[in-house]
Amino acid sequence: MNFKTLMTTLLTTSLLAAPAMAEEAAAETGVKFSGFVDASLFSVLASEAEDPEFFDGFSLGLDQVELDIEAAGTGSLTVRTDLNFFPGAGAASFDSLVEQSYAEYSMGDSGFYPQVGKRNAPIGIEALDPVDMYQYSQGLIFTNATPSNLNGVFLGWSDGGLSALVWGTNDWDTPKTAGKPSTGARFEYAFDAGHVGLSSTYSLATEALMVDLDAKAGFGDFTAFAEGNYGSASDVDTTGFLVKGNYALTSDFSATVRYDMLTVDDVASSSITG
C-alpha cells in the first residue's frame, strides 16, 4: 500500500466515522434536532362570468422551513432555539429568522422554572407554527388581538395540573423596547381531555390591557375549542370570540370548522373557516 492509498483509506474511514461520532456527542450532551417543512398547493377557482377558463392551474409553494435545536446541559439547564425561514417573504431580518431562543432552568421538585429570552406567547387557543394547528390559517383573535412572541424574563410554576407563568417583556413581537416594559401572566388548569386558561398582558408604557380566556375539551374523536378576548388601548376597545370544532377522521386526517368575530369600537368583522 503506497502513501496515497493509505491517506485515502484513512480519510474514508474518518468520513464514515464522523456521523457516528456526531450522534454519540449529541447523545452525551442531550442535543435534540427537530423541525418541519411547510409546502402548499394553491389554485384559484372563479365563476365563468369572472373568468371563462374557470381553472387556471396550480401554484406550488415552499412557505416555511424550520429547524429546532434543544440542548440539555449539565444539571437542570436547557437551551432552545427555533430557526425559521420564509422563502416567499423577501429579505429576512434577524428577528424573523429566530422564532424562539431562550434558556430555562428547572428548580427541581419545587416546580419552579425561570426562562430568559424570546419565546412563543403562551396566550390563546391557536398556535404560530402550522404543525401545531388544526387548520391552515389563524383566526382574527390570534392575528389581531394577541401577541405571537414575547422577549424578556419569565417565571413559571407547575404541578402537572395547575400551572402559572408571569413575565416582564418588551412590547408585543418587538425584539427590544426603550423605556417601560410590559407585564403579563397566564394561569391554566389542565385535565385529561383539555384545559382552561386565563392570560393577560399590560403595557406600562401605553397602559394597553389585554385579557384572554381559552378552553379546550375532547370528547372521543371530537375536540371543541373556545376563546374570548378583550383589549383596551388608546381609547379603543376590542372584544372577540372564537369557537372551533375538530373531528378526527383517521389517525392522520381530520376536519375542522371555525367561526370567530372581532369587534373594534362597535365595528365587527368575522370569518368562517372549514
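This report describes three paired strands and a nonpolar surface patch in a predicted model.

Residues are numbered from 1 along each chain as its sequence is written, and side-chain values use heavy atoms, with hydrogens and water left out. In this predicted model, local features need pLDDT of at least 70 and side-chain atom pairs count only at pLDDT 80 or more, while totals for chains, interfaces and linings use all residues.

Strands here are DSSP runs of E with at least two residues, numbered from the N terminus, and two of them pair if DSSP finds at least two bridges between them. The two pairings that involve β11 are set out below.

| Strands | Sense | Bridges |
|---|---|---|
| β10 (residues 209-219) and β11 (residues 222-233) | antiparallel | eleven bridges |
| β11 and β12 (residues 236-248) | antiparallel | twelve bridges |

Within the first pairing, D214 has E227 of β11 as its bridge partner, and the hairpin of β10 and β11 has two residues between the strands, with G220 taking a positive phi near 70°. In the second, S232 is bridged to D237 of β12, and in the hairpin of β11 and β12, again with two residues between the strands, S234 takes a positive phi near 55°.

A nonpolar surface patch of about 900 Å² includes L162, F191, L209 and Y230 among its residues; β8 (182-191), β9 (194-203) and β10 each give two or more residues to this patch. Patch residues have over 30% relative accessible area and no salt bridge (a side-chain nitrogen of Lys or Arg within 4 Å of a carboxyl oxygen of Asp or Glu), and nonpolar side chains (Val, Leu, Ile, Met, Phe, Trp, Tyr) are joined within 5 Å, like charges within 9 Å. Accessible areas come from the Shrake-Rupley method with a 1.4 Å probe, and for residues only the protein chains shown count as cover. L209 lies in strand β10, and L209 counts as partly exposed because its relative accessibility is 34%, between the limits for buried (under 20%) and exposed (over 50%).

Note on methods:
Helices (H or I, at least four residues) and strands (E, at least two) are DSSP runs, numbered from the N terminus. Buried means under 20% relative accessible area, exposed over 50%, partly exposed in between (1.4 Å probe, protein chains only).
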